Every structure is written in structure tokens, then in C-alpha cells.
Amino acid sequence: MSSRLAQITDADIEAERARLPRAFSPSPKERAASWLTWGGGAVLTLYCLYRFGFFSGGFIDGTVKFGEAVVGQLFPPKGYEHLPMFLRVMGETLAMAFLGTLLGALVAFPLGFLASKNMMPFRPVQFGTRRFADLLRSFDYLIWALIFVRAIGLGPLAGIMAIAIVETGTFIKLYSETIENLDRRQIDAVRAAGGNGLHVIRFGVLPQVLPMMVSNTLYMFEHNTRSASILGIVGAGGIGFLLADRLRAYELQEACLIIILVILAVYAIDFLSKILRERFIRDDASVTVEGRVEEGKGVPNADARRGAEA
């Protein structure tokens, strides 16, 4: 290969450039389209920044005041005498995030198969499930929380249902895309062995998609912890009610203590979810590697056996 490349001359390159010009450089039309696209995007960005006041003196003054007034009044945090109550409500927030994520994942798990193209050959069902997922996640948590507060009253139940509704739509999308990207060879092997549809899902699909599903679920649990922290603003339970109450009363130092608790909770969940994700992914990878090693061990034995028979 290297000797053939060494024999290529400049004349050969020029001849190929003349024969296939687009393989070496884009055409003038393509360059003009690229410049127009990037230039239009830059102009639109600058216009939006100007239109919403990023270049005005008010934005700069507001940034300075934010640092001086708001941040200066947040620290040092206080209200440690209310810490037991804050911790109890923070536990309620974590419970809301956990139950909402769990309910969304349980409902979305079977629907994810209906929304994937390679598992649902009947296109109207697949298309309808995808659009149903889009409908559920079209509205933010706060919108659903307001709806459920109106329907079932104040309290954490409204927040749990709001999280579950949004996460059902999100998990349907994530799970279906994970299922669509799996390796078909394992499915074909199960079918070739005489497996039915349930066998295909159990032995051909789940071993491939479960680690990614668990990873997505754990990440969304961390995300929902932050979301559940603000649902209390509309009366849907959690520590958001206390945070909004302190902010309205200008008790910014107590609000700072609540914000620190939320940050620590998110850090802890991120650390634990990282450990669980690594465990699931490592276990899945080790099983795959062991299976390949065992499969590879049989090849030399078969060759040796054929050589002995010969």
C-alpha cells in the first residue's frame, strides 16, 4: 500500500482533481450556502442579543447590582435552628422525585417497545405512541403541577403526578431510541434457536438495552430532584414552598441554606447514580467479554480436533 502511494505523482493528483473536483473541495455554490448559513446565524444571534438588551447599560448595571445586593445578602447562610424541618422537607422532595421517576419509568417501559420501529411493525401504533410521548413532555413540570393542584389539591401528590407525566413522555422517547439502536445479530440468534417474541425480548433485547435504560433513569432521577425543588412554588409539595416563602419574605440567608441543601442532595445523587451506572455497564461489558472469550475458546479446540482427525 505504501509503495503504491509513493508512486502517485503531482500530475496524477491534478488529473483526479479535474475528474472529481467535489472530492477535493466544495463547489462555489456549496461555499456560498455555507457562508450564508453561518453569516445569517451570526446576524440573528447579534440581533437577538441587542433586541433583549444584552448590549444596554441596564444589563451591565443589573449584573453589578446582582453581585452586590443579592449575592452579598445571601451569605453567610443562617436559619440552622430550622435545619430539622428543612431536612424533613428535603426528604419529601427526594421522595417526590423518586416516586415520579419510578412511575414514569414503569409506564414508559412497555410503551418504549411500542414506539420503536424495529419492535413494532404496525406503523400507526408506533407513530401514535411517539406522538403521545411528545404530548406528555410538551408541557413543563410547573404546568402539569398547576393542573394537578387544581384537580387533586395542594401537596406532594400533585408534584409526583406532574413529574410522572413528564417523565413518561421523556422515557418513551429515550427507551425507544435505545431499542432502535441495538444489535440485530443477537435477536437473529435467538430467533434462529426457535425463540418466540418473549424470548427475543428477554434474551435478545433486554441484555443490550437495560444498562442504557438504567443510566437514563438514574440521570432523570437526578434531574427530577432539581425539578421537584421548585414545584412547591405552585403548591405541589417539596422544599420549593419553603424556598419561595423565604424569597418572598427577603429572608435570603435562610434561602441560601435551602439552596445549599438542594445542591448537596444533587451532588449525593449524582455520586450514587455514577456508582450504579458504572456497575451496570461494567457487569454488562464483562458478560459480553466473557461470552466472546468462551466463544473464542471453542474455535482453536475445533481446529485442533479437525487437525487430529485429518
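Colleague: What is the relative accessible area of F98?

Modeller: In this predicted model, local features need pLDDT of at least 70, side-chain atom pairs count only at pLDDT 80 or more, and totals for chains, interfaces and linings use all residues. Residues are numbered from 1 along each chain as its sequence is written, and side-chain values rest on heavy atoms, leaving out hydrogens and water. With a 1.4 Å probe and protein chains only, a residue under 20% relative accessible area is buried, one over 50% is exposed, and one in between is partly exposed. F98 is partly exposed, because its relative accessible area is 45%.

Colleague: Which arrangement do the rings of F98 and F221 adopt?

Modeller: Rings of Phe, Tyr and Trp (its six-membered ring) pair if their centres lie within 6.5 Å, with planes under 30 degrees apart counted as stacked, over 60 as edge-to-face and the rest as tilted. The whole structure, searched in this way, holds five aromatic pairs. For F98 and F221 the centres are 6.2 Å apart and the planes stand at 80°, so the pair is edge-to-face.

Colleague: How many residues apart along the chain are F98 and F221?

Modeller: Helices are DSSP runs of H or I with at least four residues, strands are runs of E with at least two, and both are numbered from the N terminus. F98 belongs to helix 5 and F221 to helix 10 (residues 197-231). Their pair therefore links distant parts of the chain, and the two residues are separated by 123 residues.

Colleague: Is F221 buried or exposed?

Modeller: The relative accessible area of F221 is 18%. F221 is therefore buried.

Colleague: How are the rings of F171 and Y175 arranged?

Modeller: Their planes meet at 15° and their centres lie 5.3 Å apart, so this pair is stacked. The two residues are four apart in helix 8 (residues 156-180), which means a separation of about one helical turn. F171 is buried at 0% relative accessible area, and Y175 is buried at 3%. The arrangement is stacked.

Colleague: How many of the 25 residues of helix 8 are buried?

Modeller: The end C-alpha atoms of helix 8 are 36 Å apart, in agreement with the 36 Å expected at 1.5 Å a residue, where the expected span is 1.5 Å times one less than the number of residues. Helix 8 is largely enclosed by the rest of the structure, because its buried residues number 18.

Colleague: At which residue does helix 5 bend?

Modeller: Helix 5 (residues 83-115) has 33 residues and reaches 45 Å between its end C-alpha atoms, close to the expected 48 Å. A bend is the angle between axes fitted to the seven residues ending at a residue and the seven starting there. Helix 5 bends by about 40°, with the proline P110 following within four residues, at F109.

Colleague: What separates the C-alpha atoms of A105 and Y175?

Modeller: A105 is placed in helix 5 and is buried, with a relative accessible area of 12%. A105 and Y175 are 70 residues apart along the chain. Their C-alpha atoms are separated by 9.3 Å.

Colleague: What share of the 310 residues in the protein chain is buried?

Modeller: The secondary structure of the chain comes to twelve helices and zero strands. Of the 310 residues, the buried share is 32%.
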